[in-house]
Amino acid sequence: MSDIIVFTSRRLCREDFLERIKKLALAKPGGIVLREKDLSEEDYKSLAVKALELCQRYGTSCILHNFANVATELECRSLHLPLHMLRRLSDAEKKHFDTLGASCHSVGEAMEAESLGCTYVTAGHIFDTAAEGRAYLGALVDLVPSVANVESYCKIVEEKYYIRSLAFAARSIL
């Protein structure tokens, strides 16, 4: 199993979305965050039932996003929230989740998320252009806890940029 967590986006998917979920689950990432926040709660729940079944079938963690009550109702023990939503989650609600993640954009936010009970945080952005990615590298100085780690973080961001570029090129060929 990988330590990479995949975030979904139906709008970027060029094939049947559930078929893509199946392929992702078969690749055994550390988890698949069903990040379809444009859906109504009812539509999200309907999709989540199918995604959870696929992930369970292929032994991959499905992490629901935004709708804590849907996760609780579907007995999903993994949830990812934007930090502002995590702040509003009660301690009783948090106890339902074995895996609790949050999206953070600074070291301070990551520390806050940890204090709020997160088992992991995500930091960073996906960029449409290389220029946005380069601008982000400059902002890493504020995000990285130690200047000693900046070079390693930069290498990771650069590597991810090349992976995304390769994936984009492969999609355009297909």
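Me: A residue counts as exposed when its relative accessible area is over 50%, as buried when that area is under 20%, and as partly exposed in between. In the model shown above, does E75 count as buried or exposed?

Reply: This is a predicted model, and the reading goes by comparing a value with those limits. E75 has 67% relative accessibility, and because exposed means over 50%, it counts as exposed. E75 is found in the loop between helix 3 and strand 4, and its phi is near 60 degrees, a positive value in a residue other than glycine.

Me: Where is K28 found, and what is its phi near?

Reply: K28 lies in the loop between helix 1 and strand 2, and its phi, near 60 degrees, is again a positive value in a residue that is not glycine. With a relative accessible area of 33%, K28 falls between the two limits, so it is called partly exposed.

Me: And what about K94, buried or exposed?

Reply: The same limits settle this case, for K94 has a relative accessible area of 13%, which is under 20%, and so K94 is buried. The place of K94 is in helix 5, which covers residues 91-94, and, leaving aside residues up to four places away in sequence, K94 touches L86, L89, L100 and L116.

Me: Stepping back from single residues, how many helices and strands are there in the protein?

Reply: The protein has eight helices and six strands, and, read along the sequence, they follow the pattern β-α-β-α-β-α-β-α-α-β-α-β-α-α. A pattern of this kind gives an order along the chain, and the pairing of strands has to be read separately.

Me: Then which strand pairs with strand 1, and in which sense?

Reply: Pairing is read from bridges, and at least two of them are needed between two strands. Strand 1, residues 5-7, pairs with strand 2 in the parallel sense over three bridges, and here the bridge partner of I5 is G31 in strand 2. Strand 2 is also joined to strand 3 by three bridges, and these two strands run parallel, with V33 standing opposite I63 in strand 3.

Me: Which strands pair with strand 5?

Reply: Strand 4, residues 78-82, pairs with strand 5, residues 99-104, in the parallel sense over five bridges, and the partner of L79 in strand 5 is L100. Strand 5 is joined to strand 6, residues 120-123, by four bridges, and these strands too run parallel; in strand 6 the bridge partner of A102 is V121.

Me: What kind of unit do strand 1, helix 1 and strand 2 make?

Reply: To judge the hand, one points the strands away from the viewer and follows the path from the first strand over the helix to the second, which is right-handed if it runs clockwise. Strand 1, helix 1 and strand 2 make a right-handed β-α-β unit. The chain then crosses from strand 2 through helix 2 to strand 3, and this β-α-β crossover is right-handed as well. Further along, strand 5, helix 6 (residues 107-115) and strand 6 make another right-handed β-α-β unit.

Me: Which residues of strand 2 are buried on each of its faces?

Reply: Here one looks at the two sides of a strand in turn. G31 and V33 on one side of strand 2, and I32 and L34 on the other, are all buried, and both faces are therefore covered.

Me: Which residues have the most contacts inside the largest nonpolar core?

Reply: That core has 35 residues, and those with the most contacts inside it are I21, L34, Y44, L64, L79 and L86. Helix 2, residues 41-57, gives the most to this core, with seven residues. As for L64, not counting residues up to four places away in sequence, its contacts include L34, Y44, A48, L52 and L79.

Me: Finally, how many aromatic pairs does the structure hold, and what do they tie together?

Reply: The structure holds one aromatic pair. It is formed by Y44 and F67, 5.0 Å centre to centre with 45 degrees between the planes, and is tilted. Y44 lies in helix 2 and F67 in the loop between strand 3 and helix 3, so the pair ties together parts that are 23 residues apart in sequence. Both Y44 and F67 are buried.

Definitions and conventions
Residues are numbered from 1 along each chain as its sequence is written. This is a predicted model: local features need pLDDT of at least 70, side-chain atom pairs count only at pLDDT 80 or more; totals for chains, interfaces and linings use all residues. Side-chain values use heavy atoms; hydrogens and water are left out. A nonpolar core is a set of buried Ala, Val, Leu, Ile, Met, Phe, Trp, Tyr and Cys residues joined through side-chain atoms within 4.5 Å. Buried means under 20% relative accessible area, exposed over 50%, partly exposed in between (1.4 Å probe, protein chains only). Contact means heavy atoms within 4.5 Å. Rings of Phe, Tyr and Trp (its six-membered ring) pair if their centres lie within 6.5 Å; planes under 30 degrees apart count as stacked, over 60 as edge-to-face and the rest as tilted.
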